[in-house]
Amino acid sequence: MTTAARTTTDTGLLLPVPDTDGAPFWEFAARGELRVQACADCRTPRFPPRPCCPHCQSFDATWQQLPGSGHIWSYVVPHPPLLPAYTDLSPYNVVLVEPTGATGIRLPGNVVAAPDAPLDSVDPSCLYIGAPVTVVFAALAPGVVVPRWQLAEAKP
Amino acid sequence: MTATLKDTTAIVGIGQTPFARRLPEPEKTLACRAVLAALDDAGIPPSEVDGFASYTMEETDEVELAKAIGAGDATFFSRVGYGGGGSCATVAHLAAAITTGQATVGVAWRSRKRGSGPRPWRDTVHQLPTPAQWTRPYGLLRPADEIAMLARRYMHTFGATRDHLFLVALACRNRANQNPAAVMHGCPLTREAYMTSRWISEPLCLFDNCLETDGALACVLVAADRAPDCRRRPVYVHAAAQALPAQHHGMVNYWCDDPLRGPSWTAARQLWKAADFGPADVDVAQIYDAFTALVPLSLEGYGFCGRGEGAAFCEDGALEPGGRLPLNTSGGGLSEAYVHGFNLITEGVRQLRGTSTAQVPGAATCLVTGGEGVPTSALLLRS
Ligand SMILES: [Zn+2]
């Protein structure tokens, strides 16, 4: 089985299935960099990535580094029925993080206790909208790295 | 002269199969039964059908349906995408086709074995590009998870509570208990049962989620000048709209300026622009309810209250008979059947015929909506 055809981890968690527009995000993530697509002409960042800029229609893009910090915009705690690998980790959390200074980008992710800790490693009762978080990178499979988040401080 | 769809067509027939968690017959058979029932209701022979409209997710295609029911030569057929967002658009497309002379008798339908068949989100091979890449690896797997994300933000932003979502679930369940055809007929819902039920995706619990149903429904449209000759009292399509807002992202609508301002706002603008009446004149509403949390968002979008006021609007029995806006009077997707919202259309027709099992006295206008949270559609019906 080739790396390109691989769609799950050994335990069955889904791996990202990049398309042409999204591939650079995952290539940067594999190097430990959090970057989003931005227009090379009008400089407006955009997420998810797409072929051209909705503001000025330019097809030229760069990949802009995001700060490694942000706050939770919203989150959910899924319970079964789920895919089997996720059922084993339920209840876990899925968050949307708004990176500092990047309003509207809202990256999906998980809050974990450590970079390679499992999805259920943080008590969901510690999460709240507005909670500050910092990015970490988790290697899910050879060459496949996803950004995740750690709480920056305890709930006040 | 500006072309218009206003009152140019009417729904003259509705039909449905039983609804259940599991029906033995295949989807194709159910589709044929629903369509033939709708044609019989209208008193129109199948050989006169020349227009078809359904969902892109519909598995029984026009060829299979037309040759089975004995349709005539079809001159219009159309499919609308985005699941339950397309429900009302099927009627809208037929209305446009009939008004512009492309067809004379149109049939819209949806047949689905979602109760006994597979859950679409379990298919991890044929994934939509955005969820596959940006959300599914993190375990945001199901529509319930995707909408729960917006629901929590909505509750946080506007002070909505689980009690508000309960009021939506309760209104639908109460109406289902008046409707013998509803899957949840005979199963009352209490606040305690709601508050202690299992989570599906916090903050949404079991009763915030629609049913999983096998069933099929259909309706028949003709031009307004022919409608009075049909068997039943015609229900006119007063206005219709589709809506794909600028910078909308589908059910994962997290990346626009204001994710709590969904497609219903765009549909509403188009709908009210075309209509002779406004939100205050709507007698009864059938609002898409795959999840309870979609209802407050829709109430705001369609202008029944201000932004952020959708949850509070549900208080004081507003959604119950005699309230400000009786809601989903057959039980809706939450408690009658979840067939991608087509049962909301047929219930809208029954209300304006005066034949609902939870009839709003004298109802003359009804709003029907497709799925909020995805590219959507809506109808204003009048008697
Ligand atoms: Zn640009």
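How many residues does the contact take from chain B and from chain A? It takes 36 residues from chain B and 42 residues from chain A. The model is predicted, and the tour starts at this interface.

**Stop 1: the interface**

Show chain B and chain A together. About 3400 Å² is buried between them, with carbon and sulfur atoms giving 62% of that area. On the chain B side, select B:Trp134, B:Tyr138 and B:Trp255: these lose the most area to chain A, together 24% of what that side buries.

Next, colour helix 4 (129-135), helix 5 (143-158) and strand 5 (199-202) of chain B, the elements that give two or more residues to the side touching chain A. Helix 5 of chain B gives the most, with seven residues.

Which kinds of polar pairing cross here? The count of salt bridges between chain B and chain A is zero, whereas 22 residue pairs are in polar contact across the interface, both residues being at pLDDT 80 or more.

**Stop 2: the open sheet of chain A**

Select strands 1, 2 and 3 of chain A. The three form an open sheet in the order 2-1-3, with antiparallel pairing. Strand 2 (45-46) and strand 3 (61-65) stand at the edges with a single partner strand each, so one side of each has no neighbour in the sheet.

Zoom in on strand 1 (residues 35-39) of chain A, which is joined to strand 3 of chain A by five bridges. To find the register, pick A:Arg35, which stands opposite A:Gln65 in strand 3.

**Stop 3: strand 7 of chain B**

Move to residues 214-223 of chain B. Nine of the 10 residues in this strand are buried, so strand 7 is largely enclosed by the rest of the structure.

Add strand 1 (residues 9-16) of chain B, which runs antiparallel to strand 7 of chain B and is joined to it by seven bridges. Then add strand 4 (residues 105-113) of chain B, which pairs with strand 7 in the antiparallel sense over nine bridges. B:Leu221 is a useful residue to label: B:Ile11 has it as bridge partner, and B:Gly106 stands opposite B:Leu221 as well.

**Stop 4: B:Arg162**

Finally, select B:Arg162 in helix 6 (residues 162-176) of chain B. Which side chain of opposite charge is nearest to B:Arg162? It is B:Asp208, 4.9 Å away; B:Arg162 is buried yet has no salt bridge.

Show the surroundings as sticks. Leaving aside neighbours within four places in sequence, B:Arg162 is in contact with B:Met155, B:Tyr194, B:Met195, B:Trp199, B:Pro203 and B:Cys205.

Key:
Residues are numbered from 1 along each chain as its sequence is written. Chains are lettered from A and ligands numbered from 1 in the order in which they are written. This is a predicted model: local features need pLDDT of at least 70, side-chain atom pairs count only at pLDDT 80 or more; totals for chains, interfaces and linings use all residues. Side-chain values use heavy atoms; hydrogens and water are left out. Two strands pair if DSSP finds at least two bridges between them. Helices (H or I, at least four residues) and strands (E, at least two) are DSSP runs, numbered from the N terminus. Buried means under 20% relative accessible area, exposed over 50%, partly exposed in between (1.4 Å probe, protein chains only). Lys and Arg count as positive and Asp and Glu as negative; His and the chain ends are not counted. A salt bridge is a side-chain nitrogen of Lys or Arg within 4 Å of a carboxyl oxygen of Asp or Glu. Contact means heavy atoms within 4.5 Å. Buried area is the accessible area (1.4 Å probe) that two parts lose on being put together, summed over both. A polar contact is a pair of N or O atoms within 3.5 Å; within protein, one must be able to donate a hydrogen and the other to accept it, and residues adjacent in sequence count only if both atoms are side-chain atoms.
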